[in-house]
Amino acid sequence: MSTPDAEPHAPPPEFAALCAQVGIELEAEDIGRLAGFIALLVDANTRTNLTGVRDPAELWTRHVFDALTLMSVLESADGPLDVLDIGSGGGLPALPLAIVRPSDRFTLLEATGKKCDFLEHAIASLGLSNASVLRGRAERLGHQVTEPALRGRFDVVTSRAVGRVVVAAELCVPFARDGGLVVLVKGAQAKEELAEAKKALHMLHAAPAGIVETPTGRLVVLEKLRATPKMYPRLDGEPKRAPLGVTGPPAGKPA
Ligand code: SAM
């Protein structure tokens, strides 16, 4: 493994406490690589806006730990897993997961070129042979069926902070294989957002598989039931502009 170009930051005691709370056990080597990831984020954040959180201790507790909460869902599936993360930004949740789950393969899909540059740099610096970057928009790549096939391929599709459940579902579900999972990292409005997405999930051929409460939020888990109709996802920006099957005001907002 090559050394990241910035100084690593040790995790604060709260990080260990959070991990203990949900039964996450990490090797010293994992902690070292996660610290390397944080050092890269802190360094790159001085030039590119990758995350609003700048304090390394907060990056451990609010970002890295939040990403690691997905481990419980990944552990429940039969591996090794082919995982796609949509809208990876600065690498969350995919890069912490790629560090602690070296047997799974992670593809990080991101639309913004500068963020893709950072992700490629981070993957190379951390020596992550199980992670790669896919440049482009989910609305287009979700229709790709050859060289390489992306649609209907992945065991698990993850996404954090890419939109309401109804929006993220249209972007994510087409990439999952039949019987595969979509895991959306959400906050307090998870239940309302899932209710809002009921019609969309039916149209996309997916169904709710549960909401997992974590110390930092909620994971909305969906199951892909069968192939998504070819018309989804719709054109660039359409899932967000006109959320599928939604007629009223957005979930969580008064009418
Ligand atoms: N997942 C990261 C996190 O939790 O910190 C980044 C979240 S950021 C708010 C949303 C990211 O999704 C941005 O980097 C944006 O470029 C990307 N994104 C939004 N819509 C997208 C789309 N349709 N296809 C690919 N990437 C998208």
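Asp82 is found in strand S1, and in this predicted model the residue offers a convenient point from which to describe the strands around it. Asp82 is buried, with a relative accessible area of 17%, a value that falls under the 20% limit for that class. Its side chain is joined to the side chain of Arg153 by a polar contact of 2.9 Å. Leaving aside residues up to four places away in sequence, Asp82 touches Arg105, Arg153, Phe154, Asp155 and Val156.

**Strand S1 and its partners**

The burial of Asp82 is shared by the strand that holds it: 5 of the 5 residues of S1 are buried, so this strand is largely enclosed by the rest of the structure. Both faces of S1 are covered, with Asp82, Leu84 and Ile86 buried on one side and Val83 and Asp85 buried on the other. S1, which spans residues 82-86, pairs with S4 in the parallel sense over 4 bridges, and within this pairing Leu84 stands opposite Val157 of S4. S1 is also joined by 5 bridges to strand S2, residues 105-110, and these two strands run parallel; here the bridge partner of Asp85 is Leu108 in S2. Between S1 and S2 the chain passes through helix H5, residues 94-100, in a β-α-β crossover that is right-handed.

**Strand S4 and the step to S5**

Strand S4 covers residues 154-160, and because 7 of its 7 residues are buried, S4 is largely enclosed by the rest of the structure. Besides its pairing with S1, S4 is joined by 6 bridges to strand S5, residues 176-186, and the two run parallel. In this pairing Val156, which is also one of the residues that Asp82 touches, stands opposite Leu181 in S5. S4, helix H8 (residues 165-172) and S5 together make a right-handed β-α-β unit.

**The ligand and its surroundings**

Which residues come nearest to the ligand? Of the 17 residues around the ligand, those that come nearest are Gly87, Leu92, Glu110, Glu139 and Arg160. Glu110 belongs to the residue range 105-110 given for S2, while Arg160 belongs to the range 154-160 given for S4. The polar distances between the ligand and three residues are set out below.

| Residue | Protein atom | Ligand atom | Distance |
|---|---|---|---|
| Gly87 | polar backbone atom | nitrogen | 2.8 Å |
| Ala111 | polar backbone atom | nitrogen | 3.4 Å |
| Thr112 | side-chain N or O atom | oxygen | 3.0 Å |

The backbone of Gly87 and the backbone of Ala111 thus each face a nitrogen atom of the ligand, at 2.8 Å for Gly87 and at 3.4 Å for Ala111, whereas Thr112 uses its side chain, at 3.0 Å from an oxygen atom of the ligand. Taken on its own, the ligand has 600 Å² of accessible area, and the protein covers 79% of this.

**A residue after helix H11**

Val246 lies in the segment after helix H11, residues 238-241. Is this residue buried or partly exposed? Val246 is partly exposed, with a relative accessible area of 23%, a value that lies between the limits of 20% for buried and 50% for exposed residues. Not counting residues up to four places away in sequence, Val246 touches Arg164, Val166 and Glu196. Of these, Val166 falls in the range 165-172 of helix H8, the helix of the unit made with S4 and S5. The C-alpha atoms of Val246 and Phe15 are separated by 39 Å, and the two residues are 231 residues apart along the chain.

Terms used
Residues numbered from 1 in each chain as written. Predicted model: local features only at pLDDT ≥ 70, side-chain atom pairs only at ≥ 80, totals over all residues. Heavy atoms only, no water. Buried < 20%, exposed > 50% of the residue type's maximum accessible area, 1.4 Å probe, protein only. Pairing = 2+ DSSP bridges. Right-handed = clockwise from strand over helix to strand, strands pointing away. Near = heavy atom within 4 Å. Polar contact = N/O pair within 3.5 Å; in protein donor to acceptor, adjacent residues only side chain to side chain. Areas by Shrake-Rupley, 256 points an atom, 1.4 Å probe, with all protein chains shown as cover. Contact = heavy atoms within 4.5 Å.
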